[in-house]
Amino acid sequence: MHWLFLLMAIGSMVMAMRTTSMALMVALMLASLGLFVAWIVGWYGRRVGDSGRDPSAMIDPSELRRLREVAEARRNAAPSASEPPSAT
């Protein structure tokens, strides 16, 4: 619900524009700046968090070793295109 920070920031900026007190205006503008920063951090955190990998899809070391062995076996079994065919 990081969008609430944006609403509060806009609200404090509107209040700062309408006040006649200089001290209150400065305080509201600083609050608005802080709320905008909080909104940006929350928005960025949400975007990065959504694009993260699913930890259950990670490969454990034993599965990775098995996949490497399978790939090596396929490489060894397939005739290489750079070698000329044997003349027997």
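**Note on the predicted model**

1. The protein exposes about 7700 Å², and carbon and sulfur atoms supply 66% of that area. The structure under review is a predicted model, and the remarks below should be read accordingly.

2. As to overall architecture, the protein has three helices and zero strands. Read from the N terminus on, its elements run α-α-α. Of the 88 residues, 8% count as buried.

3. A nonpolar patch lies on the surface and covers about 630 Å². The residues that make this patch are M1, W3, L4, F5, L7 and M8.

4. One of the patch residues, L4, is found in helix α1, which spans residues 3–18. The relative accessibility of L4 is 31%, so L4 counts as partly exposed, a class that lies between the limits of 20% and 50%.

5. S12 also merits attention. This serine lies in helix α1. Is S12 buried or exposed? S12 has a relative accessible area of 7%; because buried means under 20%, S12 is placed in the buried class.

6. The surroundings of S12 may be described in two parts. The side chain of S12 reaches the backbone oxygen of A9 at 3.0 Å. When neighbours within four places in sequence are left aside, S12 is in contact with L28, A31, S32 and L35.

7. In summary, helix α1 holds both L4 and S12. L4 is partly exposed and belongs to the nonpolar surface patch, whereas S12 is buried and is in contact with residues including L28 and L35.

Key:
Residues are numbered from 1 along each chain as its sequence is written. This is a predicted model: local features need pLDDT of at least 70, side-chain atom pairs count only at pLDDT 80 or more; totals for chains, interfaces and linings use all residues. Side-chain values use heavy atoms; hydrogens and water are left out. Patches are made of residues with over 30% relative accessible area and no salt bridge: like charges are joined within 9 Å, nonpolar side chains (Val, Leu, Ile, Met, Phe, Trp, Tyr) within 5 Å. Accessible areas come from the Shrake-Rupley method with a 1.4 Å probe; for residues, only the protein chains shown count as cover. A salt bridge is a side-chain nitrogen of Lys or Arg within 4 Å of a carboxyl oxygen of Asp or Glu. Helices (H or I, at least four residues) and strands (E, at least two) are DSSP runs, numbered from the N terminus. Buried means under 20% relative accessible area, exposed over 50%, partly exposed in between (1.4 Å probe, protein chains only). A polar contact is a pair of N or O atoms within 3.5 Å; within protein, one must be able to donate a hydrogen and the other to accept it, and residues adjacent in sequence count only if both atoms are side-chain atoms. Contact means heavy atoms within 4.5 Å.
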